[in-house]
Amino acid sequence: MMSRHGSRIGTALDLGISSGVTTLELLDRLRTAGHDVQLTGTDRSVRARLVTLPFGCRALVEPNGHVLQYEVLGQAVRPWERRLDRWTGMHIVRRLVEGRLREPAIAQAAAGQGTEVALISPRLRHADAFQWLEDDITQRSPAMLGRFDLVRAANLLNLHYFEPDVLRRAIGNAIAYLSGPGAWFLVVRTHGLADHQGTLFRMKENGALTIMDRYGSGSEVEHIVLDMAG
Ligand SMILES: C[S@@+](CC[C@H](N)C(=O)[O-])C[C@H]1O[C@@H](n2cnc3c(N)ncnc32)[C@H](O)[C@@H]1O
């Protein structure tokens, strides 16, 4: 879509990158499409504690006590819900896991038990034209203002992570990091392997955003994005 519009992406920002698996995919895709891009990836924390729990389980806990992932019998269990979970029964497993393991996981991490692990994959950390920063999207970062031709927020700007007023602030910050007219903003949420709901916006001359494309039924925060940039 961006190449079709003759757009050149020189700088891109990926928000909330976690281990960076999808960031690496974004970098590969932009390069394959011919963009000579410098990609910055941010996350509020790029380190976490891996703690060992009863019943042979483990959990990965951020410094602020947010559980990123559980491991139960060698299988990953995400603490956040996906629509598909209703069909696979995963929501029942999650409820059980959260009920039994959440508190001990947070307590152990707060006590400094377990081991500290770097979240960003080594492949991404060593990729050319990539840099990462620890940054909280709910706080405005002057160093990132007006710098990026593309900002992507995948599985981040939604009500699972933020209260409504904090979500608005985070969206306002993401928009403020766009480089100006012609820049792109992609907000997407994945509900299942092939179920992507998202919206691709582009900045107009007057600074407002317009919808260029929709994936699935579009982003659930589309109306907030349009409102914040209006
Ligand atoms: C569900 S993961 C998404 C990872 C990746 N973007 C993807 O789609 O696969 C959400 C990430 O957002 C990060 N995050 C949560 N709150 C944040 C905040 N306020 N600022 C920056 N990153 C945040 C979390 O640490 C986590 O790594």
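This is a short dialogue on reading the sheets, helices and ligand site of a predicted model.

Student: Where should I begin with the sheets, and what is the strand order in the sheet of seven strands?

Tutor: Begin with the order of the strands. The open sheet of seven strands runs E8-E2-E1-E9-E10-E11-E12, and its pairing is mixed.

Student: Which strands stand at the edges of that sheet?

Tutor: An edge strand has a single partner strand, so one side of it is left without a neighbour in the sheet. Here the edges are strand E8 (130-134) and strand E12 (209-215). From one strand to the next, the twist averages 20°.

Student: How many bridges join E1 to E9, and do the two run parallel or antiparallel?

Tutor: Strand E1 (residues 11-15) and strand E9 (residues 150-154) run parallel and are joined by four bridges. To find the register, look for residues that face each other: Leu15 has Ala153 of E9 opposite.

Student: What should I expect of the side chains along a strand?

Tutor: In a regular strand they alternate between the two faces of the sheet.

Student: Which strands does helix H1 lie across?

Tutor: Helix H1 (residues 21-32) lies across E1, strand E2 (38-43), E8 and E9. The angle of H1 to E9 is about 145°. Helix H6 (residues 222-229) belongs with another part of the sheet: H6 lies across strand E10 (184-192), strand E11 (195-203) and E12, at about 165° to E12.

Student: What is the order in the sheet of five strands?

Tutor: That open sheet has the order E6-E5-E4-E3-E7, with antiparallel pairing. E6 and strand E7 (115-118) are the edge strands, each pairing on one side only. Direction ignored, neighbouring strands of this sheet are turned by 30° against each other on average.

Student: How do I follow the pairing through it?

Tutor: Take one pair at a time. Strand E4 (residues 57-61) pairs with strand E5 (residues 67-72) over four bridges, in the antiparallel sense, and Leu60 stands opposite Gln69 in E5. E5 is in turn joined to strand E6 (residues 75-77) by three bridges, again antiparallel; there Glu71 has Ala76 as its bridge partner. Towards E7, strand E3 (residues 47-53) makes four antiparallel bridges, and Arg47 is partnered by Ala118.

Student: Which residues take a positive phi in the hairpins?

Tutor: Look between the paired strands. The hairpin of E4 and E5 has five residues between the strands, and Gly65 takes a positive phi near 90°. The hairpin of E5 and E6 has two residues between the strands, and there Leu73 takes a positive phi near 50°.

Student: Which helix lies across E3, E4, E5 and E6?

Tutor: Helix H3 (residues 90-110) does, running at about 105° to E3.

Student: Which residues come nearest to the ligand?

Tutor: Start with the shell, then pick out single contacts. There are 16 residues around the ligand, of which Gly16, Asp43, Glu62, Asp136 and Asn155 come nearest. By type, the shell divides into six nonpolar, five polar and five charged residues.

Student: What polar side-chain atom lies 2.6 Å from an oxygen atom of the ligand?

Tutor: That atom belongs to Asp43. The side chain of Asn155 has an N or O atom 2.8 Å from a ligand oxygen. Ser18 takes part through its backbone, with a polar atom 3.5 Å from an oxygen of the ligand.

Student: How much of the ligand does the protein bury?

Tutor: Compare the ligand alone with the ligand in place. Alone, the ligand exposes 600 Å², and the protein buries 92% of that.

Note on methods:
Residues are numbered from 1 along each chain as its sequence is written. This is a predicted model: local features need pLDDT of at least 70, side-chain atom pairs count only at pLDDT 80 or more; totals for chains, interfaces and linings use all residues. Side-chain values use heavy atoms; hydrogens and water are left out. A residue is near a molecule or strand if one of its heavy atoms lies within 4 Å of it. A polar contact is a pair of N or O atoms within 3.5 Å; within protein, one must be able to donate a hydrogen and the other to accept it, and residues adjacent in sequence count only if both atoms are side-chain atoms. Accessible areas come from the Shrake-Rupley method with a 1.4 Å probe; for residues, only the protein chains shown count as cover. Ala, Val, Leu, Ile, Met, Phe, Trp, Tyr, Cys and Pro count as nonpolar, Asp, Glu, Lys and Arg as charged, and the others, Gly among them, as polar. Two strands pair if DSSP finds at least two bridges between them. Axes are lines fitted to C-alpha atoms, for helices over the stretch in contact, and angles run from 0 to 180 degrees between N-to-C directions. Contact means heavy atoms within 4.5 Å.
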